[in-house]
Amino acid sequence: MTTRSARRTTTRRILQATGVGAAAVLTLSACGSSDAQSSDSASGSSSSDKKLSGTVNVFAAASLKESFTKLGKQFEKEHPGTKVTFNFGGSDSLAAGITGGAPADVFAAASPKTMKTVTDAGDAAGRPSTFVRNQLEIATLPGNPHKVSSLKDLTKPGQKVVLCAKEVPCGSAAQTALAASKLKLTPVSYEQDVKSALTKVELKEADAAVVYKTDVHAAGDKVEGVEFPESKDAINDYPIAQLKKAPNADAAKAFIELVKSGDGQQALTEAGFLKP
């Protein structure tokens with residue numbers, strides 16, 4: 001017959017064994033939870049480096065056409081499955097399109113003023129940053145037949161000169177340079193972007209145009225460039241920003257990173273842009 005003392009001893013042993021088992025279960029459960037958290041953390045870090053895909057739509061100032069087209073091809077090569085499309089034009093028109101609801105991922109403007117149109121409307125994600133600068137130059141016909149050597153020479157009677165429209169960054173810069181030299185110039189036409197102004201000279205519809213150095217560089221032997229000192233008073237900063245409603249935000253961010261990287265800056269410098 002089992003005594004009361006013996007029963008108490010047996011009960012204590014069972015409880016002790018149960019306690020050990022429970023502790024073991026709790027320990028294993030904790031380890032499993034820790035392992036799961038570690039696994040989740042690891043998978044979380046890898047998912048942050050998302051594989052880019054789809055189209056990234058870049059609105060960019062016309063003067064960026066050559067350099068950005070080159071960088072777009074590099075971007076597509078580095079990120080298979082992506083495609084970079086560009087809308088090049090006058091920065092003011094591009095800004096108006098963005099604030100009007102045009103779908104775009106990135107905006108690269110030729111002046112802080114035109115970028116401000118977008119930021120004031122609340123359409124930029126974060127703060128824009130300057131990635132390059134640009135300086136004006138006079139583009140003349142090959143061989144410079146009219147012997148243009150200064151901004152003042154453009155005011156001579158009979159000279160057919162083209163300027164960018166005053167609201168366009170290259171046009172605003174030209175007006176600043178003319179004011180600095182105390183000159184007044186009446187062009188035969190005002191063009192809506194810098195490429196259009198340069199084309200007038202290339203087609204011999206104008207004797208000269210005030211454009212950016214980068215555009216003279218890109219035109220090669222189709223025009224001849226003439227530097228003028230007043231251009232130093234009208235250097236434009238170029239800001240770039242990801243847009244708040246970017247359809248492809250990840251790719252937009254990556255493209256901006258490329259533009260600001262060593263490779264991007266080298267491509268832009270080779271095109272004639274100045275470092276910020």
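How much space lies in the largest pocket? About 180 Å³ lies there. The model described here is predicted. Its main features, taken in turn below, are an open sheet of five strands, a contact between helices α3 and α4, one cavity of 30 Å³ or more, and the largest pocket, which has 16 lining residues.

**The sheet**

- Strands of a sheet pair through backbone hydrogen bonds, and the pairing can be parallel or antiparallel.
- In this model five strands make up an open sheet with mixed pairing, and their order is β2-β1-β3-β10-β4.
- The edges are taken by β2 (82-89) and β4 (124-134); each has a single partner strand, so one side of each lacks a neighbour in the sheet.
- From one strand to the next, the twist averages 20°.
- Strands β3 (residues 106-108) and β10 (residues 236-243) run antiparallel and are joined by three bridges.
- Within this pair, F107 lies opposite A241 of β10.
- Helix α8 (residues 249-260) packs on the sheet, where it touches β1 (54-61), β2, β3, β4 and β10.
- The direction of α8 makes about 155° with that of β10.

**Helices α3 and α4**

- Two packed helices are described by the distance between their axes and the angle between them.
- For helix α3 (residues 91-99) and helix α4 (residues 112-120), the axes come within 9 Å and cross at roughly 5°.
- Angles under 35 degrees count as roughly parallel, and α3 is therefore roughly parallel to α4.
- On the α3 side the contact is made by S91, D92, A95, I98 and T99, and on the α4 side by T114, T117 and V118.
- By class, this contact of α3 with α4 has three nonpolar, four polar and one charged residues.

**The cavity**

- Rolling a probe the size of a water molecule over the atoms shows where empty space is left.
- One cavity of 30 Å³ or more is found in the structure, and the largest cavity has a volume of about 60 Å³.
- The largest cavity is lined by 13 residues, and those closest to its centre are A62, A110, V168, V194 and Y212.
- Its lining divides into eight nonpolar, four polar and one charged residues.

**The largest pocket**

- Of the 16 residues lining the largest pocket, S111, K113, V168, P169 and S172 lie nearest its centre.
- The elements giving two or more residues to this lining are α4 and α5 (169-180).
- Helix α5 supplies the largest share of the lining, four residues.
- By class, the pocket lining has five nonpolar, six polar and five charged residues.

Notes
Residues numbered from 1 in each chain as written. Predicted model: local features only at pLDDT ≥ 70, side-chain atom pairs only at ≥ 80, totals over all residues. Heavy atoms only, no water. Pairing = 2+ DSSP bridges. Axes fitted to C-alpha atoms, helices over the stretch in contact; angles between N-to-C directions. Contact = heavy atoms within 4.5 Å. Parallel < 35°, antiparallel > 145°, perpendicular 65-115°, else oblique. Nonpolar A, V, L, I, M, F, W, Y, C, P; charged D, E, K, R; others polar. 1 Å grid on protein atoms, 1.4 Å probe; cavity = no way out; pocket = protein on both sides within 12 Å on 5 of 7 lines; lining within 4 Å. Points joined across faces, edges and corners; volume = space filled by probe spheres on them.
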